[in-house]
Structure formats: structure tokens, C-alpha cells
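Reader: Hi! Could you take me through one helix in this model, slowly, and then show me how it sits in the rest of the chain?

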Amino acid sequence: MKQYSYLVALLAAVILMAGCEKYETYSDMKKKEQDAIERFIADRGIQVIDQTTFDAQGCKTDLEKNQYVKFTRNGVYMQIVREGCGSVLEENKTVNVLCRFSERNIQTDTIVNRNDAHAYWSGTSPSIDVSQYVDKMSVVRTGTTITASFVSGMMMRYHGSASVPGGWLVPLNYVKIGRPENEGEETAKVRLIVPHSQGTADASSSVTPYFYEITYQRER
């Protein structure tokens with residue numbers, strides 16, 4: 001009987017240890033996220049600069065050096081591909097901003113959502129051409145604080161929320177939001193590495209970093 005009890009206790013201990021090995025703490029998940037970001041940066045040959053250097057360069061990133069600025073206050077990495085045309089967002093005025101984007105899971109290196117190309121999404125029946133859905137967000141700037149919510153588009157459809165990821169708002173203090181009307185004018189375009197804390201609710205709950213390419217354009 002004692003031997004039987006010993007075997008039961010041993011089996012229970014083995015099961016408990018196996019369960020503990022499979023359980024990931026939040027700290028473990030953040031470490032995996034940071035490792036994934038660092039691999040992504042290395043694989044893409046990205047040169048990271050700090051905000052002091054970024055400011056000294058006139059709030060620009062050198063594309064030839066593949067520079068991204070890292071904002072220490074939120075952990076977002078940003079590359080300004082195009083500054084854009086028009087003007088910066090007016091203060092205390094609601095502006096509708098139209099966005100084209102791609103959303104890539106950095107840990108799996110896969111595109112999970114986009115509206116910047118002809119691709120088909122089967123989240124509705126029948127499937128839809130996502131390129132027809134320009135994302136629209138309502139934006140207000142108060143000083144350097146930007147608040148926004150999605151009005152329509154693929155981000156709302158895919159993630160089921162009007163909440164705009166914090167990472168999407170970071171560039172709006174550095175790019176111009178206008179509409180190309182003359183030859184040579186282009187919309188603002190950025191690339192972002194967004195940690196889970198500045199991402200969607202899905203990213204936050206799974207502690208997953210995402211890479212975005214986004215264009216910003218003022219609605220007429």
C-alpha cells in the first residue's frame with residue numbers, strides 16, 4: 001500500500017512539473033517578444049537610432065542607412081519613408097485620415113491583415129477584395145497628444161474594434177497629412193515595429209509584436 005501511494009505521488013509530481021514547464025509567464029512572453037524584435041531588426045539590416053539623433057536630423061530617418069528611430073517612452077520603432085504633402089494635423093480639430101496598410105506578425109513572419117494590395121479575406125461570406133476597404137480613422141491632436149478611433153476599414157473588420165493601436169498614432173506628430181494634388185506630391189508613408197503594449201487588443205493579449213507599413217492621407 002505504501003509503495004502504491006509512493007507511485008501515485010511520484011506520478012502527480014511528474015504531471016505537475018510537466019505543466020509548469022509548459023506554462024509561460026508574462027515575463028517569458030515579453031522575452032520572446034523582444035527576441036523576435038531583435039531578430040527582425042538584424043534580419044532586415046535595420047540601423048536603430050535614438051530620439052536625440054532623430055531630432056538632430058530634423059526628425060527624419062535616413063533611408064539609405066535603413067534607419068529607424070526607437071522611442072524609449074513606448075518602445076515603438078519608426079522609419080519615415082515619405083514625409084507627405086500638405087500640413088501637419090491642426091490642433092483641436094477632428095480630421096478624418098485614410099490609411100493603406102499591411103500588418104505582419106513578427107514572431108511568425110506572416111501578413112495577417114492588409115488593404116494595400118489585392119488580397120481576399122474570407123471573414124465574411126462571400127470573400128471580399130480587401131483593397132476596396134480604405135481604413136478611415138477620426139483623429140484629434142491636442143498638443144503632442146493624438147487620440148483616434150477607426151470609423152471603417154479592415155482593422156475594424158479583422159480585429160473587431162474601433163480602437164486605434166497606439167503605435168499607429170506615433171507618426172502623426174512627424175508627418176504631413178494632406179492629399180496629393182500636384183505633380184510630385186505623395187502621401188505620408190511610414191514603417192513601424194510595434195510592441196504588444198502599443199498594438200491592438202489581440203497583440204496585447206498574446207504579447208505579440210507587429211510590423212506595419214502605413215500611408216496616411218487626409219479625407220476630402
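Author: Let's start with helix H2 and then work outwards.

A quick note on the ground rules: this is a predicted model, where local features need pLDDT of at least 70 and side-chain atom pairs count only at pLDDT 80 or more, while totals for chains, interfaces and linings use all residues. Residues are numbered from 1 along each chain as its sequence is written, and side-chain values use heavy atoms, with hydrogens and water left out.

H2 runs over residues 26-43, so to speak the stretch of 18 residues to find in your viewer. Helices here are DSSP runs of H or I with at least four residues, strands are E runs with at least two, and both are numbered from the N terminus. From its first C-alpha to its last, H2 reaches 26 Å, close to the 26 Å expected at 1.5 Å a residue (the expected span being 1.5 Å times one less than the number of residues).

Now look at which parts of H2 are tucked away. Glu 33, Ala 36, Ile 37, Phe 40 and Ile 41 are buried. Those five cover an arc of only 135° around the axis, which puts them on the same side of H2. The arc is that of the directions from the helix axis to the C-beta atoms. Buried means under 20% relative accessible area, exposed means over 50%, and partly exposed is in between, using a 1.4 Å probe and protein chains only. The face turned away from the buried side carries the exposed residues Ser 27, Ala 42 and Asp 43.

What does the buried side pack against? The buried residues of H2 pack against strands E1 (47-49), E3 (77-82), E4 (95-105), E10 (188-194) and E11 (210-218).

H2 also has a salt bridge of its own: Lys 31 pairs with Asp 35, with the closest N and O atoms 3.0 Å apart. A salt bridge here is a side-chain nitrogen of Lys or Arg within 4 Å of a carboxyl oxygen of Asp or Glu. Lys 31 and Asp 35 are 4 residues apart in H2, so about one helical turn separates them. Asp 35 is partly exposed, at 26% relative accessibility. Just after H2, Gly 45 takes a positive phi of about 60°.

Let's follow one of those packing partners, E11. Thr 215 has its place in this strand, and Thr 215 is buried, with a relative accessible area of 17%. Leaving aside neighbours within four places in sequence, Thr 215 is in contact (heavy atoms within 4.5 Å) with Arg 82, Leu 98, Cys 99, Arg 100, Thr 187, Ala 188 and Lys 189.

Then there are the nonpolar cores. A nonpolar core is a set of buried Ala, Val, Leu, Ile, Met, Phe, Trp, Tyr and Cys residues joined through side-chain atoms within 4.5 Å. The largest one has 38 residues, and Val 97, Met 137, Trp 168, Leu 172, Leu 192, Ile 214 and Tyr 216 touch the most other members. Among the elements giving two or more residues to this core are E3, E4, E10 and E11. Phe 40, which you met on the buried side of H2, is included in a second, separate core of 10 residues, along with Ile 106, Ile 193 and Phe 211.

Just before E11 there's a loop worth a glance. Val 207 is found in the loop between helix H6 (201-206) and E11. The phi of Val 207 is near 50°, a positive value in a residue other than glycine, and Val 207 is buried, with a relative accessible area of 3%. Cys 59 has a positive phi too, near 60°, but Cys 59 is partly exposed, at 27% relative accessibility.

In the segment after E11, Glu 219 forms a salt bridge with Lys 136, with the closest N and O atoms 2.9 Å apart. This pair links distant parts of the chain, 83 residues apart, with Lys 136 in strand E8 (residues 135-142).

Finally, step back to the whole chain. There are 6 helices and 11 strands, and 39% of the 220 residues count as buried. A search of the whole structure finds 10 salt bridges. Of the contacts with a separation of 6 or more, 61% come from residues 24 or more positions apart.
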